[in-house]
Amino acid sequence: MYDVIIIGAGAAGMMAAGRAASLGYKTLVVEKMEKAGRKVRITGKGRCNITNTREREQFLSHIRTGSDFFACSFDRFTNRDTVRFFKEEGVKLEFERGERVFPASGKAWDIADALYDYAKEAGAEFLFHTKVTGIKTVGGRVNGVEITTRHGFPRKTECRNVIIATGGASYPSTGSTGDGYDLAHSLGHTIEAIRPSLVPLEAGQDIARKLQGLKLKNTGVKLLVDGQAVEEHFGEMEFGTRGLEGAVILRLSRTAVDALIEGKKVELSLDMKPALDGETIVGRIGRELETAPGITVAELVRKLLPAPLVGHFCQVAGLDPGTPVGALTEQAKTGIATRLKDLRIGVEDYRPFEEAVVTAGGICLDEVDADTLQSKLVRGLYFAGEVLDMDADTGGYNLQIAFSTGYVAGSLGG
């Protein structure tokens, strides 16, 4: 008989295990993969942005879904607590721009190993290559789990509490295949529609092929839904092999995915000269004409944009690349300035869960006690991490959700 069985040895599960075991609870972690922290080890391209040091209100403003719900867990285990925790576990940290925090080694596995060591040293047991196939209840309370071993043998293990910390559906190769949703649903919980978040977006194939490999820095990007600007960010984006990528795209993807699912028209408006207004750009065009009276539209645009964008720019602006700029009307010159501040890229789709950083959607928060993370439907059933209907911006916020909710769930109501 265990006091608590934790399903999933990810960031939230290991934090919950260490917390529960340190409180004296007999704790077992069941993980279907061969080792703990598979997803943690590849987070942040292997560097692992563990948290963000912004002040409370600023931090919570980056939680896209469930901010008020998450505030209860955050107040119990804050971003400052996360920094303190890893320092105490012997991990040297580095603070970078955007108030992001990384292991100084640049190695995500240092974070995974620290969490695993914390849980093991506190007394938690781990069972790998084992899948939980069901949660048993008696009289509306948890009393055990059904598991299948690596050799396919089923068995039941008794416990008083269960914490579902199976992650979402993103990066399924690491073990996050949505098992927690099925387990919660079998006990009566509502699952809000899951979809990829912090995920690359797909432009038209013609644009993707022509611009592949192009990286843009210091670019203002607006997300347009049915022609209306709904969100805007500034920073880096890339036309990569998987589609439109980069920090700006990931931040916008949450809203873009929902709009695409709803069948709405989605576009990106790129401000290629965010430091200049239209009048200043028109003045620049005039100076270029004075220096080179015979300059063509393509030559002018090349002075203003990276070479791969010249053709696309002329196409969307309705300009013949070979036309002399001196032959353009003043209205056409102003149009060039306008288009530099509003270069449109159509978005046709989004990439699959295999390429998403996190999952949006999950277990309905209305059915979970925000203070304890215990189910309102089944006593002794708790949730932690990405399996809940919470997701956040890129920048360390999602891992903080895992750490805070893991800590609270592992407290088992205490």
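The following dialogue works through several features of a predicted model, with a general idea set before each case.

User: Before turning to details, how many helices and strands does the protein chain have, and what span does its C-alpha trace cover along the principal axes?

Analyst: The model is predicted, and its secondary structure comes to 13 helices and 20 strands. The C-alpha trace spans about 85 × 40 × 40 Å along its principal axes, and of the 414 residues in the chain, 54% count as buried. If one takes the contacts between residues at least 6 apart in sequence, 71% of them join residues at least 24 apart.

User: How should I read the buried residues of a helix, and which residues of α12 are buried?

Analyst: The general idea is that an α-helix has 3.6 residues a turn, so residues three or four places apart point the same way. In helix α12, which covers residues 330-340, the buried residues are Lys333, Ile336, Ala337 and Leu340. Because they cover an arc of only 95° around the axis, they lie on the same side of α12. The elements against which these buried residues pack are β16 (266-271), α9 (278-291), α10 (297-304) and α11 (309-317).

User: Which residues are buried in helix α3, and what covers them?

Analyst: Helix α3, residues 67-76, has Phe69, Phe70, Ala71, Ser73 and Phe74 buried. Their cover includes α2 (56-60), β4 (63-65), α4 (79-88) and α13 (397-410).

User: Turning to sheets, in what order do the strands β3, β5 and β6 lie, and is their pairing parallel or antiparallel?

Analyst: In general, strands of a sheet pair through backbone hydrogen bonds, either parallel or antiparallel. Here three strands form an open sheet in the order β3-β6-β5, and the pairing is antiparallel. The edge strands are β3 (51-52) and β5 (93-96), each of which pairs on one side only. Between β3 and β6 (residues 100-103) there are two bridges, while β5 and β6 are joined by four. Valine 101 in β6 is a useful residue to follow, since threonine 51 stands opposite valine 101, and phenylalanine 95 likewise stands opposite valine 101.

User: What should I look for in the turn between β5 and β6?

Analyst: The hairpin of β5 and β6 has three residues between the strands, and glycine 98 there takes a positive phi near 75°.

User: How do β13, β14 and β15 pair, and how many bridges are there in each pairing?

Analyst: Strand β13 (residues 215-225) pairs with β14 in the antiparallel sense over nine bridges, and β14 pairs with β15, again antiparallel, over three bridges. At one position of the first pairing, valine 225 stands opposite glutamine 228 in β14. The hairpin formed by β13 and β14 has two residues between its strands, and aspartate 226 in the turn has a positive phi of about 50°. β14 and β15 also form a hairpin with two residues between them, where glycine 240 has glycine 243 in β15 as its bridge partner.

User: Is glutamate 245 buried or exposed, and which residues does it touch?

Analyst: Glutamate 245 lies in strand β15 and counts as buried because its relative accessibility is 14%, where the cut-off for buried is under 20%. Leaving aside residues up to four places away in sequence, glutamate 245 touches Pro200, Met237, Glu238 and Gly240.

User: And is histidine 185 buried or exposed?

Analyst: Histidine 185 is found in helix α6 (residues 179-186), and with a relative accessibility of 53% histidine 185 counts as exposed. A C-alpha separation of 34 Å divides histidine 185 from arginine 80, the two being 105 residues apart along the chain.

User: Finally, how are cavities found, and which residues line the largest cavity here?

Analyst: The general idea is that rolling a probe the size of a water molecule over the atoms shows where empty space is left. In this structure there is one cavity of 30 Å³ or more, and about 40 Å³ of space lies in the largest cavity. Its lining is made up of Ala203, Ala208, Gln212, Phe239, Gly240, Gly243 and Leu244. By class, the lining has four nonpolar, three polar and no charged residues. The hairpin strands discussed above return here, as β14 (228-240) and β15 (243-245) each supply at least two residues of that lining.

Note on methods
Residues numbered from 1 in each chain as written. Predicted model: local features only at pLDDT ≥ 70, side-chain atom pairs only at ≥ 80, totals over all residues. Heavy atoms only, no water. 1 Å grid on protein atoms, 1.4 Å probe; cavity = no way out; pocket = protein on both sides within 12 Å on 5 of 7 lines; lining within 4 Å. Points joined across faces, edges and corners; volume = space filled by probe spheres on them. Nonpolar A, V, L, I, M, F, W, Y, C, P; charged D, E, K, R; others polar. Buried < 20%, exposed > 50% of the residue type's maximum accessible area, 1.4 Å probe, protein only. Arc of directions from axis to C-beta. Contact = heavy atoms within 4.5 Å. Pairing = 2+ DSSP bridges.
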